[in-house]
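Thank you for making time for this at the group meeting. I would like to walk you through one model, step by step, so please keep the picture in view while I talk.

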Amino acid sequence: MKTMKMIGTLAVVSLLFLVSCDKDTSPADRDLFVGTYEGTISFNGGGETIIDEDGKVTVAKVGSSYSFIFGSGIPDITGVRFEEGDDNVYVSIGEGLTGIRITASSLNIGVTNDEGTWTADCSR
C-alpha cells in the first residue's frame with residue numbers, strides 16, 4: 001500500500017510539471033491547471049503548529065476538483081470545489097472546506113475542520 005501511494009505521488013508530481021501554467025492563467029480558465037503560490041502558510045492540528053513565512057502552495061486542478069499541495073510538512077487539502085464570486089474570484093464550497101479564495105494572482109486560505117486549521121496568504 002505504501003509503494004502504491006509513493007507511485008501515485010510521483011505520478012501527480014510528474015503531471016504537475018507537465019501541465020504547469022503561467023502566472024496570468026486563472027485556475028477557472030482551464031480543466032487542467034497547476035500553479036504555485038508563495039507567501040505565509042500555516043497549519044495547526046494534531047498537536048503540532050507549523051508556520052512558514054516563505055511557504056509554497058501548489059494548486060492542481062483536474063476537471064472541477066482542486067488540490068492544494070503544501071510545502072513545509074503541512075497536510076494537503078484535496079477534493080475542493082469552487083463557485084464563482086465577484087470580480088473573477090472563486091470561493092470554495094463544501095462542508096469542512098469553505099474559506100478558500102483563489103484568483104490568477106492570489107490564494108487566501110482560512111479553513112478549519114476536524115483535522116485542523118490551515119491558513120495561507122499567497123500570491124504568484
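Let me begin with a small question: in which strand is the place of D54? If you follow the chain on the screen, you will find D54 in strand β2. D54 counts as exposed, because its relative accessibility is 68% and the cut-off for exposed is over 50%. You may also look for I41, which is 13 residues away from D54 along the chain, while the C-alpha atoms of the two are separated by 7.8 Å.

Before going further, I should say carefully that this is a predicted model, so we ought to ask about confidence. The mean pLDDT of the protein is 83, and 75% of its residues reach 70 or more. Confidence is lowest in helix α1, residues 2-18, where the mean is 54, whereas strand β8, residues 116-123, has the highest, at 97. Over residues 15-21 the pLDDT falls below 50, and this stretch has 12 contacts in the model beyond near neighbours in sequence.

Now to the overall arrangement of the strands. Eight of them form a closed barrel, running from β1 through β2, β3, β4, β5, β6 and β7 to β8 with antiparallel pairing, and from one strand to the next the twist averages 35°. To take one pair, β3 and β4 are joined in the antiparallel sense over two bridges, and here F68 stands opposite I77 in β4.

That brings us to the nonpolar core. The largest one has 24 residues, and F68, F70, L107 and I109 are those with the most contacts inside it. Several elements give two or more residues to this core, among them β3, β7 and β8, but β1 gives the most, with four residues. If we leave out residues up to four places away in sequence, F68 touches a number of others, including V57, V80, F82, I100, L107 and I109.

Finally, how many salt bridges does a search of the whole structure find? The search finds one, and it is formed by K56 with E38, whose closest N and O atoms are 3.8 Å apart. Because K56 lies in strand β2 and E38 in strand β1, the pair ties together parts that are 18 residues apart in sequence. As a general point, side chains of opposite charge can pair when their charged atoms come close. K56 counts as partly exposed, at 44% relative accessibility, and E38 likewise counts as partly exposed, at 44%.

Terms used. Residues numbered from 1 in each chain as written. Predicted model: local features only at pLDDT ≥ 70, side-chain atom pairs only at ≥ 80, totals over all residues. Heavy atoms only, no water. pLDDT = per-residue confidence, 0-100. Contact = heavy atoms within 4.5 Å. Core = buried A, V, L, I, M, F, W, Y, C linked by side-chain atoms within 4.5 Å. Buried < 20%, exposed > 50% of the residue type's maximum accessible area, 1.4 Å probe, protein only. Salt bridge = Lys/Arg side-chain N within 4 Å of Asp/Glu carboxyl O. Pairing = 2+ DSSP bridges. Axes fitted to C-alpha atoms, helices over the stretch in contact; angles between N-to-C directions.
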